[in-house]
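Reader: Could you walk me through the charged pairs in this model? I would like to follow the reasoning one step at a time.

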Amino acid sequence: MKTSTTALLLATALLLSAPVRADDDDLPKMRAIAAAMKLISLEDATAKALAAKPGTVIEADLDRRMLGGYDYEFEIIDADGQNWDVHIDARDGKVRSVRRDWFD
């Protein structure tokens with residue numbers, strides 16, 4: 001019984017944490033979610049991400065955290081060609097993490 005409850009909770013968490021991709025078709029959806037949830041704009045989040053890790057943004061996502069809240073996640077290529085993942089809290093604009101992406 002405990003295993004099935006844990007599995008159900010994990011499956012629910014995974015479904016609720018599905019990312020909203022910032023592809024051309026999803027930009028309006030991402031902006032609508034940000035407006036409805038009173039999050040900072042994609043443009044403000046992008047500026048904060050680039051201040052934390054200068055470079056070129058090649059991808060942006062709006063991700064729901066498992067325990068609530070949203071993060072903007074940016075993939076940035078720096079001047080040396082290194083890939084970085086930068087997470088910005090979508091509510092207050094604070095930098096949550098800057099990590100080198102070793103697998104790209």
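**Salt bridges and their surroundings**

Author: Happy to! R96 and D71 form a salt bridge, with their closest N and O atoms 2.9 Å apart. R96 belongs to strand β5 (residues 95-100) and D71 to strand β3, so this pair ties together parts that are 25 residues apart in sequence. Keep in mind that the model is predicted.

Reader: Thanks! Is D71 buried or exposed?

Author: The cut-off for buried is under 20% relative accessible area. D71 has a relative accessible area of 5%, so D71 is buried.

Reader: And how is its partner R96 classed, by relative accessible area?

Author: The class between buried and exposed runs from 20% to 50%. R96 has a relative accessible area of 46%, so R96 is partly exposed.

Reader: Which residues do salt bridges that share partners join into one network?

Author: One piece of it is the salt bridge between R96 and D71. Another salt bridge pairs D89 with R65, the closest N and O atoms being 3.0 Å apart. Through shared partners, salt bridges join into one network R65, D71, D89 and R96.

Reader: How many residues apart in sequence are the parts that D89 and R65 tie together?

Author: D89 lies in strand β4 (residues 83-89) and is buried, at 11% relative accessibility. R65, at 22% relative accessibility, counts as partly exposed. R65 sits in the loop between β2 (56-64) and β3 (70-77), so the parts tied together by the pair are apart in sequence by 24 residues.

Reader: What distance separates the closest N and O atoms of E43 and R31?

Author: Side chains of opposite charge can pair when their charged atoms come close. The cut-off for a salt bridge is within 4 Å. E43 and R31 form one, and their closest N and O atoms are apart by 2.5 Å.

Reader: Which helices hold E43 and R31?

Author: Both residues are partly exposed, E43 at 44% relative accessibility and R31 with a relative accessible area of 39%. The pair ties together parts twelve residues apart in sequence, because E43 lies in helix α3 (residues 42-52) and R31 in helix α2 (residues 27-36).

Reader: Back in strand β5, which residues is S97 in contact with, leaving aside neighbours within four places in sequence?

Author: S97 is found in strand β5. With a relative accessible area of 13%, S97 is buried. Setting aside neighbours within four places in sequence, the contacts of S97 are D85, V86 and H87.

Reader: Lastly, how many salt bridges does a search of the whole structure find?

Author: Among them are the pairs E43 with R31, D89 with R65 and R96 with D71. For the whole structure, the search finds four.

Conventions
Residues are numbered from 1 along each chain as its sequence is written. This is a predicted model: local features need pLDDT of at least 70, side-chain atom pairs count only at pLDDT 80 or more; totals for chains, interfaces and linings use all residues. Side-chain values use heavy atoms; hydrogens and water are left out. A salt bridge is a side-chain nitrogen of Lys or Arg within 4 Å of a carboxyl oxygen of Asp or Glu. Helices (H or I, at least four residues) and strands (E, at least two) are DSSP runs, numbered from the N terminus. Buried means under 20% relative accessible area, exposed over 50%, partly exposed in between (1.4 Å probe, protein chains only). Contact means heavy atoms within 4.5 Å.
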